[in-house]
Amino acid sequence: GDINPYVYTYKHPKFKANNIARFGHIAHNDGGKKFSYYKVDYSANEEMKATIADGFALEVVYVNTAWSWDWWSVPVSTNAFRLMRKGDLDKNAWNFTFNEGGGWWPGNVTGINATLEKNKYHHTIYMYDADNQCVQVYQDGILLGMREGIAEFNPGAWLTIGGFTEGDGSLFMQWNGEVALVRMYDQAMTADEVATKFNDLKLPEATAEPASPALSTPLFDIKWDADKNATNAGTQTSLEILSKPNDKTTIIDVEGYGKIANFNNDIHNGTYADGWYRIDYSNDEDFRSKLQNGFSMEMLVVSNFDQGQFWMRPFSTNKWGIMLKDGDRKRWVAFANSADNNWGSYGNSQNNGYEVYVKDQITKDESFSHLVYIWNAEAKEWGTYVDGNFNGGHILHDFNVGTIMNINGMPYTDRLETAHGWNGKVAMVRIYDEVMTQDQVLHRFADLQDEIQKLNTTIQ
């Protein structure tokens, strides 16, 4: 398959014979992609299919590097059988599958309770024993699951590394992690043979983390002063901030960090003539072009309440951004809008764009959240990270970068007012002229821990 920036290889000292492939897919089940995988097509190879049907063993060494659990994720798969991780944020259950008819959804799924440690290599053997008419799965030398009474086994037509592919090459169930070894043997193995394979490898306890590329200086980096005014400390000097604080806007000087803004709006859907900071880039073609070609936006924010306004936006443009949505529980929501029309004069993106729930948060905020929003123009994907976890995204054929951005609320385009005001603190808003990789997001979150602890002293 075509390889895009979400896949790269590196040398690990344990596996000297070859490089390791690291997959950094950002969406588990978005179809239509035709990149970021490796595929062996044996649909016309009758000998290969007959060999699999007569019994085989598929050996894989892999590591999960994700901080969040995608619902379905597959390191190695055929169109008829696979080992699949099925879970959510607090589960990591493995399922092995086989399908007499082939196709996307397996006809038979067997759950197995396997612990997958982040950054730890695991050794798995998936085998079909034709003599004993059973499927068996071993992990790290131990039998995890078995399905008996399988007289015939569908060999499938292709094998994919990095996810599951349809016949047209569309990628689903993308893997987020590494694959170090994939081997297929023409017969099933005994338990002793499996144990020997695992023991001979002497897998390392954890991966050697590749160095994460350093980020460039941000285009936009808001800084507040004691008089409640804000300026851009980034490199895009054409971006001027219109400061419109009010008596509910306060500036807090955090020891060891600097000045942050505290907003205390009362009504989520009222309109505000002040109490916000706005950047109008409608005529800034250079900045708009940089956004259109791909960018990353990161924030450090915290809300001030337990239960509150239905929609609140610490940062929003008239076309994309992040908001906190409150009903019976608070949820971070990312939105993007490729439409040109506005709704209610301010481009409410969840009405003519996409909405992705990125994090449930039922209790009061106890820490500042690190939020990263990316637009990858090459892959036609946008996505969102919360505290290092990838938590949602979507494919867009065209991304509308908007014309106005606001710190506190969503800007109207026809007047100096905003809606969906924020009730909380904003310590950082930065926009970079590059698309952060998952490793960069994880390193940023780790590097900011000292600053986050200092900011948390402001939480009452």
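**Exercise 1.** Determine whether Lys223 counts as buried, partly exposed or exposed, and identify its salt-bridge partner.

*Solution.* The model is a predicted one, in which local features need pLDDT of at least 70 and side-chain atom pairs count only at pLDDT 80 or more, whereas totals for chains, interfaces and linings use all residues. Residues are numbered from 1 along each chain as its sequence is written, and side-chain values use heavy atoms, with hydrogens and water left out.

Step 1. Buried means under 20% relative accessible area, exposed means over 50%, and partly exposed lies in between (1.4 Å probe, protein chains only). Lys223 has a relative accessibility of 38% and therefore counts as partly exposed.

Step 2. A salt bridge requires a side-chain nitrogen of Lys or Arg within 4 Å of a carboxyl oxygen of Asp or Glu. Lys223 forms one with Asp221, and the closest N and O atoms are 3.8 Å apart.

Step 3. Asp221, at 7% relative accessibility, counts as buried.

**Exercise 2.** Trace the salt-bridge network that contains Asp221, and describe the salt bridge between Glu298 and Arg444.

*Solution.* Step 1. Asp221 also meets Arg430 in a salt bridge, at 3.3 Å from N to O. This pair links distant parts of the chain, 209 residues apart: Arg430 belongs to strand S34 (residues 423–432) and Asp221 to strand S17 (residues 220–224). Helices (H or I, at least four residues) and strands (E, at least two) are DSSP runs, numbered from the N terminus. Arg430 and Asp221 are both buried.

Step 2. The side chains of Glu298 and Arg444 form a salt bridge of 2.7 Å, N to O. Here strand S23 (residues 295–303), which holds Glu298, is linked to helix H5 (residues 438–447), which holds Arg444, the two residues being 146 residues apart. Both Glu298 and Arg444 are buried.

Step 3. Through shared partners, salt bridges join Asp221, Lys223 and Arg430 into one network. The structure holds eight salt bridges.

**Exercise 3.** Explain why strand S4 is described as largely enclosed, and name the strands with which S4 pairs.

*Solution.* Step 1. Nine of the nine residues of S4 (residues 56–64) are buried, so the strand is largely enclosed by the rest of the structure.

Step 2. In a regular strand the side chains alternate between the two faces of the sheet. In S4 both faces are covered: one side carries Phe56, Leu58, Val60, Tyr62 and Asn64, the other Ala57, Glu59, Val61 and Val63, all of them buried.

Step 3. Two strands pair if DSSP finds at least two bridges between them. S4 runs antiparallel to strand S10 (residues 121–129), to which eight bridges join it; in S10, His122 is the bridge partner of Tyr62. S4 also pairs in the antiparallel sense with strand S16 (residues 176–185), over eight bridges. In S16, the bridge partner of Val63 is Glu178.

**Exercise 4.** Characterise the surroundings of Ser316 and of Asn246.

*Solution.* Step 1. Ser316 lies in strand S24 (residues 311–317) and, at 0% relative accessibility, counts as buried.

Step 2. Contact means heavy atoms within 4.5 Å. Apart from neighbours within four places in sequence, the contacts of Ser316 include Phe335, Ile404 and Met405. The C-alpha atoms of Ser316 and Met405 are separated by 5.6 Å, although these residues are 89 residues apart along the chain.

Step 3. Asn246 is found in the loop between strand S19 (242–244) and strand S20 (249–254). At 16% relative accessibility, Asn246 counts as buried. Apart from neighbours within four places in sequence, Asn246 is in contact with Lys228, Asp274 and Gly275.
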